[in-house]
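Me: I've got a chain open and I'd like to talk it through. Can you take a look with me?

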Amino acid sequence: MPNDNFLSQVPAASALFLREAEVRRGIEFLFFAHASLWRSIDARLAEQALGRAHYRALYFIARQPGLTISDLLALLGITKQSLGRVVKELEARALVSTRPGGRDRRAKELRLTEEGRATEAAIFDLLRDAMSRAYTQAGQQAVTGFWQVSEALLPPRERERIGKLGGD
């Protein structure tokens with residue numbers, strides 16, 4: 001039976017934390033943690049006949065109702081064609097609705113339908129549980145450090161855009 005206290009087995013970063021070995025370890029943890037987090041919702045997505053791109057769109061629309069297509073494109077960093085396919089599928093399944101923008105009638109604002117909110121929330125519960133377990137195991141100081149490192153990896157203009165998510 002593997003040791004459940006994985007953190008006790010992870011060596012601490014050396015005082016020379018910028019050595020290549022530590023940088024590689026950090027990149028490897030990012031790769032594998034990201035993959036593990038997504039795997040935690042893959043079965044639920046499959047049950048709903050949704051892909052990861054569908055959920056990412058649902059997630060960000062839930063975080064910022066009224067988000068425009070162009071804003072969602074910028075957040076997701078995917079092509080307009082890919083996003084168009086995803087949004088059309090979500091609309092066809094009555095998970096997302098679009099309407100003309102309040103400031104610019106040519107812009108499409110996106111909102112989750114009631115079913116879309118329920119679907120996003122059910123999938124988010126799985127992500128929240130995975131993140132909560134990891135946060136609890138790592139502790140408050142590690143969580144703060146994780147947020148600081150993650151934020152430092154982002155270009156400054158992305159930090160501002162991300163900071164607006166979930167705001168009114």
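Here is the chat about this chain, which is a predicted model.

Me: Let's start with the overview. How many helices and strands does the chain have?
Reply: There are 7 helices and 3 strands. Going along the sequence, the pattern reads α-α-β-α-α-β-β-α-α-α.

Me: And what percentage of the residues is buried?
Reply: Of the 168 residues in the chain, 22% are buried.

Me: What does the exposed surface look like in numbers?
Reply: The chain exposes about 11900 Å², and carbon and sulfur atoms supply 56% of that.

Me: What share of the contacts comes from residues far apart in sequence?
Reply: Taking the contacts with a separation of 6 or more, 50% are between residues 24 or more positions apart.

Me: OK, on to the core. How many residues are in the largest nonpolar one?
Reply: That core has 25 residues, and Leu-72 and Leu-90 have the most contacts inside it. At least two residues each come from α1, α2, α3 (69-76), α4, β3 and α5. The largest share, 5 residues, is supplied by α2.

Me: Which residues does Leu-72 touch, apart from its sequence neighbours?
Reply: Once you set aside neighbours within four places in sequence, Leu-72 is in contact with Ala-57, Phe-60, Ile-61, Leu-67, Leu-83 and Leu-110.

Me: I'm now looking at α5. How far apart are its end C-alpha atoms?
Reply: They are 35 Å apart. The helix covers residues 114-138, so at 1.5 Å a residue its 25 residues should span 36 Å, and the two values agree.

Me: Which of its residues are buried?
Reply: Gly-116, Thr-119, Glu-120, Ile-123, Leu-127 and Ala-130 are the buried ones in α5.

Me: What do those pack against?
Reply: The buried residues of α5 pack against three elements: α1 (20-47), α2 (52-63) and β3 (108-112).

Me: And what comes right after the helix?
Reply: Gly-139 follows α5, and its phi is positive, near 95°.

Me: Changing topic: how many salt bridges does the structure hold?
Reply: It holds 12 salt bridges. A good one to begin with is Arg-85 with Glu-89, where the side chains meet at 3.4 Å, N to O.

Me: Where do Arg-85 and Glu-89 sit relative to each other?
Reply: Both are in helix α4 (residues 80-92), and because they are 4 residues apart there, about one helical turn separates them. Arg-85 is partly exposed, with a relative accessible area of 44%. Glu-89 is also partly exposed, at 32%.

Me: What about Arg-161 and Glu-158, how far apart in sequence are they?
Reply: They are 3 residues apart in helix α7 (residues 156-163), so again about one helical turn lies between them. Their salt bridge is 2.9 Å, N to O.

Me: Is Glu-158 buried or exposed?
Reply: Glu-158 counts as buried, because its relative accessibility is 16% and the cut-off is under 20%. Arg-161 is partly exposed, with a relative accessible area of 26%.

Me: Then there's Glu-109. Which side chain does it meet in a salt bridge?
Reply: One partner is Arg-99, at 3.6 Å, N to O. This pair links distant parts of the chain, with Glu-109 in strand β3 and Arg-99 in strand β2 (residues 96-100), 10 residues apart. Glu-109 counts as buried at 14% relative accessibility, while Arg-99 is partly exposed at 42%.

Me: Which residues make up the network there?
Reply: Arg-99, Glu-109 and Arg-111 are linked in a network of salt bridges.

Me: While we're in β2, what is Pro-100 doing?
Reply: Pro-100 is in that strand, and it is partly exposed with a relative accessible area of 42%. Gly-66 is 34 residues from Pro-100 in sequence, and their C-alpha atoms are 9.7 Å apart in space.

Me: Last one, back to the surface. Which residues make the nonpolar patch?
Reply: Val-23, Ile-27, Phe-31 and Phe-32 make a nonpolar surface patch of about 430 Å². Ile-27 is found in helix α1, and at 39% relative accessibility Ile-27 counts as partly exposed.

Methods:
Residues are numbered from 1 along each chain as its sequence is written. This is a predicted model: local features need pLDDT of at least 70, side-chain atom pairs count only at pLDDT 80 or more; totals for chains, interfaces and linings use all residues. Side-chain values use heavy atoms; hydrogens and water are left out. The expected span of a helix is 1.5 Å times one less than its number of residues. Buried means under 20% relative accessible area, exposed over 50%, partly exposed in between (1.4 Å probe, protein chains only). Contact means heavy atoms within 4.5 Å. Accessible areas come from the Shrake-Rupley method with a 1.4 Å probe; for residues, only the protein chains shown count as cover. A salt bridge is a side-chain nitrogen of Lys or Arg within 4 Å of a carboxyl oxygen of Asp or Glu. Patches are made of residues with over 30% relative accessible area and no salt bridge: like charges are joined within 9 Å, nonpolar side chains (Val, Leu, Ile, Met, Phe, Trp, Tyr) within 5 Å. A nonpolar core is a set of buried Ala, Val, Leu, Ile, Met, Phe, Trp, Tyr and Cys residues joined through side-chain atoms within 4.5 Å.
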